[in-house]
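Work through the following exercises with the sequence and the model at hand. Each task sentence is followed by a solution in steps.

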Amino acid sequence: MKIMLFSHIGGSRIITGAEKYLLLLTRELGRYADCTLVVPEEGLLSGAAKAAGIRTVIHEVPVVWQMFNPGPGLVRDVEAKLNQGEHKGIINLLHMHQPDLVIVNTCLNALPAVAAKTLGLPVGWFATEKITENDWTGLTVGFMNRYSDWIIGISETTLRPIRTHLAESGAKVHLLPPTWLLEELCPGNWPEHREVRRLELGIRTQQQLIGYISSSLHEEKGLEHFVTMAVEVALRHPHSRFLIVGNVTDKAYFDRCSQQIKASGCGNRFHWKGFDPRIDTLFPALDILVVPSLIDEGFGLTAAEGLLFGISVVAYRAGGLEEIMLTIGNDSGLVEKGDAAGLAVRVLALLDSGAAGLEERRAANRASIEAAYGIEAYRQRLKLLVTQFQGGVQQWRDRLHAQPIRFLDPRFLVKGEHSSAVFLLEHGEKRPFASEETLRFYRYGWGDVRQVPDALLATILTGAEIRHKPPSVANRPFAMLAKGSGPAVYLLSHQRRQVFASALAMRQRGYSPDRVVQLPDEELLQLPLGEPLRACPAGRGKRVQRTRRARKGRRLLRRRLGKEKRVLRSGRVSRGGRTLRTRHTGKAKRRVGKARHRSSRMVSRGGTRRSARRRARRNTG
């Protein structure tokens with residue numbers, strides 16, 4: 001089974017929770033299938049994927065922002081993108097790689113799902129965020145339902161609006177929370193990392209470090225609420241220190257928070273650091289982690305990672321954050337969303353328990369989060385999901401085999417109705433042209449291209465790409481006309497070259513001088529020289545044509561005779577969906593007799609080689 005997974009982003013400065021989720025999903029699916037990860041740009045995600053040995057493709061993936069926060073114009077916006085052909089490049093990509101299953105990450109990733117369904121492929125749609133609930137939420141859910149075979153949420157929070165607006169969601173909707181690979185986080189090195197980081201920040205042994213971590217610092221993540229809480233704690237607890245980690249994306253908002261810190265008179269107790277993807281060197285330094293998100297988080301991976309490192313976590317009741325804390329039995333760390341004073345109360349209570357109390361909680365936090373969301377629990381859930389995927393892919397293959405076979409005319413090039421790639425049909429495969437320049441080099445034009453349904457084109461295996469730099473045996477079409485620096489024109493096929501003895505010989509075989517491609521002499525000399533192609537004598541050419549006409553006539557006759565015989569045997573004829581008794585069997589018999597007479601005349605007049613020899617023996621005898 002071949003799976004192609006699409007990421008909606010791939011930044012070079014930060015890596016989001018959705019990207020981490022997709023990276024680990026790709027690695028774990030690699031245990032069952034051949035996986036390819038598609039990212040829109042080079043960045044941290046693509047680098048981590050390549051380092052893990054995952055086949056990675058860089059390709060533009062347009063997103064639909066209204067899918068997350070739907071409005072009345074959602075359908076219009078999606079249709080406009082489709083009419084502009086923004087998904088054509090993705091269809092081309094699917095034609096080239098031919099996956100059996102397409103997986104899209106986040107609700108924003110609508111176009112890869114549409115492209116996959118255009119080709120008739122099974123789609124798994126992963127919801128990693130909670131869709132905004134309003135009057136138009138049903139539009140997003142309906143779109144996801146239409147263009148997917150499975151909808152997988154990373155938490156019950158992400159699945160809630162989907163289940164609300166999808167009546168029959170039982171067999172289609174699944175849950176697969178995030179996880180991590182503990183061995184890659186090197187737990188044995190955590191004490192050393194704690195010591196080094198705290199030394200860098202100037203944190204002493206008796207001081208407690210309270211952290212705020214986010215990939216980017218913007219209002220929805222609640223930095224201002226953290227600052228309000230921190231100022232209150234700083235005034236009441238002299239040994240508290242604070243670390244803010246994240247990249248500044250909203251300078252005005254960050255400046256406002258900075259001014260609040262300066263006005264408190266506790267600025268020297270705050271530290272700021274840009275986003276650091278090496279969480280195994282950062283989290284061990286913390287004693288308490290505060291996650292004051294003002295939006296319902298899809299899962300809250302930062303809080304889960306904090307608990308994994310044994311850190312005490314205080315968080316707002318914000319979607320997936322609340323779900324995690326309740327699952328591990330840590331509801332005492334939850335505060336109502338927007339209550340910064342409540343955050344301060346929870347943090348002060350933890351500080352008052354002393355270093356011994358914080359250390360005691362480390363082992364309990366780690367054990368509870370591992371039991372609920374560790375890799376073993378993840379793999380058990382994923383195995384059940386993969387079984388669903390395999391069954392769906394097999395059903396898709398069975399439907400393909402049950403469809404009547406449609407043969408495409410190999411004399412023409414083909415392209416899909418909604419894609420731009422052009423293919424040459426050879427030996428049961430479709431070979432894509434690398435560019436329009438390559439198309440022209442081999443003497444093809446757009447008049448040679450025929451459009452076919454993309455779903456039909458997807459059923460044909462994709463062969464090697466046709467290139468013209470260099471026009472080597474592997475890069476060029478299997479059969480073609482070519483010439484070097486001399487006047488001779490060759491037919492290149494079956495790994496040999498045959499020279500045409502004359503222009504007539506070329507025309508008799510159905511070739512046109514307009515198709516002759518100029519190749520370097522060294523490319524021609526690499527092929528052995530076969531028998532020359534000579535023109536057929538005039539009489540022989542006519543006999544060949546007559547023989548072909550006779551064969552065609554016999555085929556048509558057999559079809560007609562078969563039909564007339566069936567009528568004679570049954571005495572019935574089907575008309576308008578009803579089977580009637582025919583009164584004209586006599587007419588049918590006469591038609592059969594006439595057809596046989598015409599056939600005998602056609603065969604004698606058309607002449608096969610055997611009948612020609614019999615006539616010659618009679619004439620000479």
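**Exercise 1: the contact of two helices**

Leu24, Leu25, Glu28 and Leu29 of H1 meet Ile375, Tyr378, Arg379, Leu382 and Val386 of H16, where contact means heavy atoms within 4.5 Å. Classify these residues, and then describe how H1 and H16 are arranged.

Solution. The residues of this contact divide into seven nonpolar, no polar and two charged, given that Ala, Val, Leu, Ile, Met, Phe, Trp, Tyr, Cys and Pro count as nonpolar, Asp, Glu, Lys and Arg as charged, and the others, Gly among them, as polar. H1 and H16 pack at an angle of about 65°, with their axes 11 Å apart; the axes are lines fitted to C-alpha atoms over the stretch in contact, and angles run from 0 to 180 degrees between N-to-C directions. The two helices are therefore roughly perpendicular to each other, since that class covers 65 to 115 degrees, while angles under 35 degrees count as roughly parallel, over 145 as roughly antiparallel and the rest as oblique. The crossing of H1 and H16 is right-handed, meaning that the near helix is turned clockwise from the far one by less than a right angle, whereas an anticlockwise turn would make it left-handed.

The model is predicted, so local features need pLDDT of at least 70 and side-chain atom pairs count only at pLDDT 80 or more, whereas totals for chains, interfaces and linings use all residues. Residues are numbered from 1 along each chain as its sequence is written, and side-chain values use heavy atoms, with hydrogens and water left out.

**Exercise 2: length and cover of H1**

Compare the expected span of H1 with the distance between its end C-alpha atoms, and state how many of its residues are buried.

Solution. Helix H1 has 13 residues (17-29), which at 1.5 Å a residue should span 18 Å, and this agrees with end C-alpha atoms that are 18 Å apart; the expected span is 1.5 Å times one less than the number of residues. Ten of the 13 residues of H1 are buried, that is, under 20% relative accessible area with a 1.4 Å probe and protein chains only, with exposed over 50% and partly exposed in between. Strand E1 (2-6), strand E2 (34-39) and helix H16 (375-402) are among the elements that cover the buried residues of H1.

**Exercise 3: a residue in H6**

Is threonine 140 buried or exposed, and which residues does threonine 140 touch?

Solution. Threonine 140, which lies in helix H6 (residues 137-146), counts as buried because its relative accessibility is 0%. Leaving out residues up to four places away in sequence, threonine 140 touches Gln66, Met67, Pro70, Leu74 and Ile131.

Definitions and conventions: Helices (H or I, at least four residues) and strands (E, at least two) are DSSP runs, numbered from the N terminus.
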